[in-house]
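User: I would like to go through some of the assignments in this structure and hear what each of them rests on. Please set the values against the cut-offs as you go.

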Amino acid sequence: MNFSEGYIARLAEYGECRIEEIGQRTSFGIGGRAICFYPSSIVALKGAISALSDRPYAVAGGLSNVLCGDGDLATTLVFLRGSEFERMAKEGDAWYIGAGVRVSHLLHRCLDLGLSGFEFAVGLPARVGGLARMNATFRGEGIETIIAGAVVLTPQGEVKTLLGDELGISYRKTSFVGNVVLGIYARLTPCDPLVLRSRMKENVAFRKAKQAWGDRSAGCVFKNPSPEMPAGRLIDQCGLKGVRCGGAEVSAKHANFIVNKGGATAADVETLISLIITQVKERTGVTLEEEVIRIR
Ligand code: EPU
């Protein structure tokens with residue numbers, strides 16, 4: 001693909017914009033080249049919305065729950081970095097946390113300040129905007145248990161604060177898909193840092209024991225059709241653990257993870273996803289729905 005120099009130059013008026021290899025930046029270790037845009041501020045991002053809209057665009061969090069295509073991507077990736085997007089401050093009863101805040105950094109701040117709420121996210125190579133967008137949860141806790149509001153930028157360039165029911169939070173879903181999440185308001189509670197540390201350790205131990213920890217993956221590939229029917233169990237029952245397409249493999253540890261065993265391409269993962277969907281449908285009658293977001 002020929003990336004348009006005019007488009008890049010127009011975005012560069014609002015921040016940094018360049019073509020980058022993004023494969024190694026994704027948790028999967030998969031992906032080709034993309035136009036990457038780093039708006040310098042919220043006002044700059046507002047200004048850039050109309051220029052950005054000439055192509056599809058997606059806000060990149062930690063690139064940890066996505067499958068990026070192998071070649072040149074038609075989608076522009078927007079990275080929310082810098083002081084405005086990585087701000088964390090107490091506002092009234094809640095904490096405002098910018099979408100660009102990295103989970104590891106956030107958890108260090110929570111330990112320093114003695115604040116509980118985000119222990120569920122320990123170990124995720126994610127950013128707060130991505131956690132919010134996916135309504136990430138872990139063992140009964142997650143975004144839905146702490147979120148009080150979200151500040152979003154609409155495709156029309158309007159900054160809005162969504163509160164309570166306007167958030168439309170349900171399993172792996174929110175009402176703000178289609179908007180850029182700029183930050184969230186979270187209810188964090190005071191907690192002894194020693195207690196926080198031990199909860200985080202326990203959550204890491206759980207992930208290490210039960211999930212594809214240490215392998216390159218994008219987390220769970222499919223949504224659970226229902227709490228009683230987890231996708232991992234269905235895939236496991238179909239005998240698909242260890243099945244491989246090129247460098248992509250159904251994890252032997254947890255069947256709802258696809259892992260990159262080395263040199264996997266997006267095409268390998270897509271073939272494996274199709275195979276899983278077909279086999280699970282044939283053998284159980286259930287149609288699995290993808291959780292991983294594809295960026296092409
Ligand atoms: N199971 C199997 N075989 C497997 C995997 C799981 O039989 O290969 C069985 C387990 O024994 C258990 C059931 O399936 O009885 C559920 O498994 P698990 O407890 O691992 O939870 P899950 O439903 O597969 C969900 C989230 C995870 C989250 C964990 C822990 C989804 C799609 N996944 O997994 O989120 O970390 O609960 O709370 O909702 C993610 O979204 O990326 C993710 C990893």
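User: Why is the contact between Glu270 and Arg294 called a salt bridge?

Analyst: A salt bridge is defined as a side-chain nitrogen of Lys or Arg within 4 Å of a carboxyl oxygen of Asp or Glu, and the side chains of Glu270 and Arg294 meet at 3.7 Å, N to O, so the pair satisfies that definition. Glu270 belongs to helix α8 (residues 266–284) and Arg294 to strand β19 (residues 293–295), so parts that lie 24 residues apart in sequence are tied together by the pair. The model is a predicted one, in which local features need pLDDT of at least 70 and side-chain atom pairs count only at pLDDT 80 or more, while totals for chains, interfaces and linings use all residues. Residues are numbered from 1 along each chain as its sequence is written, and side-chain values use heavy atoms, with hydrogens and water left out.

User: What makes Glu270 partly exposed?

Analyst: The term covers what falls between buried (under 20% relative accessible area) and exposed (over 50%), with a 1.4 Å probe and protein chains only; Glu270 has 24%, and its partner Arg294, at 26%, is partly exposed as well.

User: How do you know that Arg199 and Glu119 form a salt bridge, and which parts of the chain does the pair link?

Analyst: Their side chains meet at 2.8 Å, N to O, and the pair links distant parts of the chain, with Arg199 in helix α6 and Glu119 in the loop between β8 and α4 (128–134), 80 residues apart. Arg199 is partly exposed at 34%, whereas Glu119 has a relative accessible area of 4% and is therefore buried.

User: How do you know that the span of α6 is close to the expected one?

Analyst: The expected span of a helix is 1.5 Å times one less than its number of residues; α6 (residues 193–210), with 18 residues, reaches 26 Å from its first C-alpha to its last, close to the 26 Å expected.

User: What makes the buried residues of α6 line one face?

Analyst: The buried residues are Leu196, Met200, Asn203, Val204 and Arg207. Seen down the axis of α6, they fall within an arc of 100 degrees, so they line one face of the helix, the arc being that of the directions from the helix axis to the C-beta atoms. On the other side of α6, Leu194, Lys201 and Ala209 are exposed.

Methods:
Helix = DSSP H or I, 4+ residues; strand = E, 2+ residues; numbered from the N terminus.
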